[in-house]
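Colleague: Please take a close look at one part of this model for me, a single side chain and its surroundings. After that, go on to the elements that make up the interior.

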Amino acid sequence: LTHGATVHGSQFIDPEKRKDPTSYYHRSGPVGDLFVALLEREEEKRVAVIGLGAGAVASYAQPDLQLTFYEIDPQVEMIARDARFFEYLALPGSRCKVVIGDGRLGIQQAEAGSFDMILLDAFSSGTIPVHLLTKEAVQTYLSKLAPGGFLAFHISNHFLNLTPALSSIASELGLRILEREDRHAFYGKEAAHYAVMLPPTSHPKFLEQHPVWKQISPEQTTQVWTDEYSNLTSLVKW
């Protein structure tokens with residue numbers, strides 16, 4: 001599934017590999033780590049994902065793990081649900097639902113403490129939805145986390161380095177922030193860059209102890225993005 005030069009998802013045709021997440025969502029990459037960290041929690045897990053794409057993240061769903069996707073484009077859901085193209089949302093045992101509409105507004109309607117992880121997967125194209133990446137937006141996401149939950153950001157991007165924007169917000173709000181830049185790509189897997197914001201009560205041992213997840217340097221900052229201010233030019237990879 002592509003839009004311009006951006007790949008939004010793929011799936012193997014081979015029936016034996018249809019269940020395997022591909023591209024930026026491969027199990028050996030950062031997303032695989034995120035779900036391993038979630039498995040540390042014994043109770044039922046609830047995950048929100050802003051951005052559906054082909055639905056590859058749905059391959060991580062299981063009976064005790066529910067996924068809610070927020071997708072602004074109804075045509076993307078139509079494609080993801082069309083078995084001629086993709087089958088992630090229809091995998092046996094998956095518990096997934098899709099909410100159509102702006103992700104920030106949709107999350108805002110959820111009850112406080114609704115999610116153990118919120119994954120923002122809307123920043124890989126050349127057009128960045130800035131309103132999803134402001135201090136006020138992050139405060140909204142935090143209010144929807146269950147105790148011990150965390151925020152994850154998919155920040156793979158050919159044109160922009162989003163790390164300083166995230167680091168500035170984390171510093172402003174007193175959050176720790178880790179990142180993993182996985183450059184190991186092969187057939188069925190793309191290089192991927194993810195960051196995780198951890199509230200003071202969140203201590204996912206797998207992420208904190210795994211050497212591939214690094215603390216982002218406090219020096220990697222820019223002026224804090226708010227609903228009144230943002231500056232994409234300062235993040236361009238020249």
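Modeller: K189 has a relative accessibility of 5%, so this lysine counts as buried, the cut-off for that label being under 20%. The model is a predicted one. K189 sits in a loop, the one between strand 8 (176–182) and strand 9 (192–198).

Two polar partners can be named for the side chain of K189. One is the side chain of D182, with which K189 makes a polar contact of 2.7 Å. The other is a backbone atom: the oxygen of H184 lies 3.2 Å from a polar atom of the K189 side chain. Once neighbours within four places in sequence are left aside, the residues in contact with K189 are S23, H26, S28, G29, D182 and H184.

Strand 8 and strand 9, which flank that loop, also help to cover helix 5: its buried residues are covered by elements including helix 4 (135–143), strand 7 (145–154), strand 8 and strand 9. Helix 5 (residues 163–173) is mostly covered, with eight of its eleven residues buried. Those buried residues are T163, P164, A165, L166, S167, S168, I169 and A170. After helix 5 comes G174, which has a positive phi near 70°.

Strand 3 (residues 45–50) is also mostly covered, as five of its six residues are buried. Strand 3 pairs with strand 4 (residues 65–71) in the parallel sense, over six bridges, and V47 has L67 of strand 4 as its bridge partner. Strand 3 pairs in the parallel sense with strand 6 (residues 115–120) too, over four bridges; there the bridge partner of A48 is I118.

Now the nonpolar interior. The largest nonpolar core has 35 residues, and L34, F35, L67, F69, M117, F150 and Y194 touch the most other members. Helix 1 (30–38), strand 3, strand 4, helix 2 (74–81), strand 6, strand 7 and strand 9 each supply at least two residues of this core. Helix 1 gives the largest share, five residues. L67, the bridge partner of V47, is thus listed again here among the residues that touch the most other core members.

F69 can be followed further. With neighbours within four places in sequence left aside, F69 is in contact with V49, G51, L52, V57, A58, L89, C96, K97, V98 and V99. Apart from the largest core lies another, of 34 residues, including A110, I128, L145 and L151.

Notes
Residues are numbered from 1 along each chain as its sequence is written. This is a predicted model: local features need pLDDT of at least 70, side-chain atom pairs count only at pLDDT 80 or more; totals for chains, interfaces and linings use all residues. Side-chain values use heavy atoms; hydrogens and water are left out. Buried means under 20% relative accessible area, exposed over 50%, partly exposed in between (1.4 Å probe, protein chains only). A polar contact is a pair of N or O atoms within 3.5 Å; within protein, one must be able to donate a hydrogen and the other to accept it, and residues adjacent in sequence count only if both atoms are side-chain atoms. Contact means heavy atoms within 4.5 Å. Two strands pair if DSSP finds at least two bridges between them. A nonpolar core is a set of buried Ala, Val, Leu, Ile, Met, Phe, Trp, Tyr and Cys residues joined through side-chain atoms within 4.5 Å.
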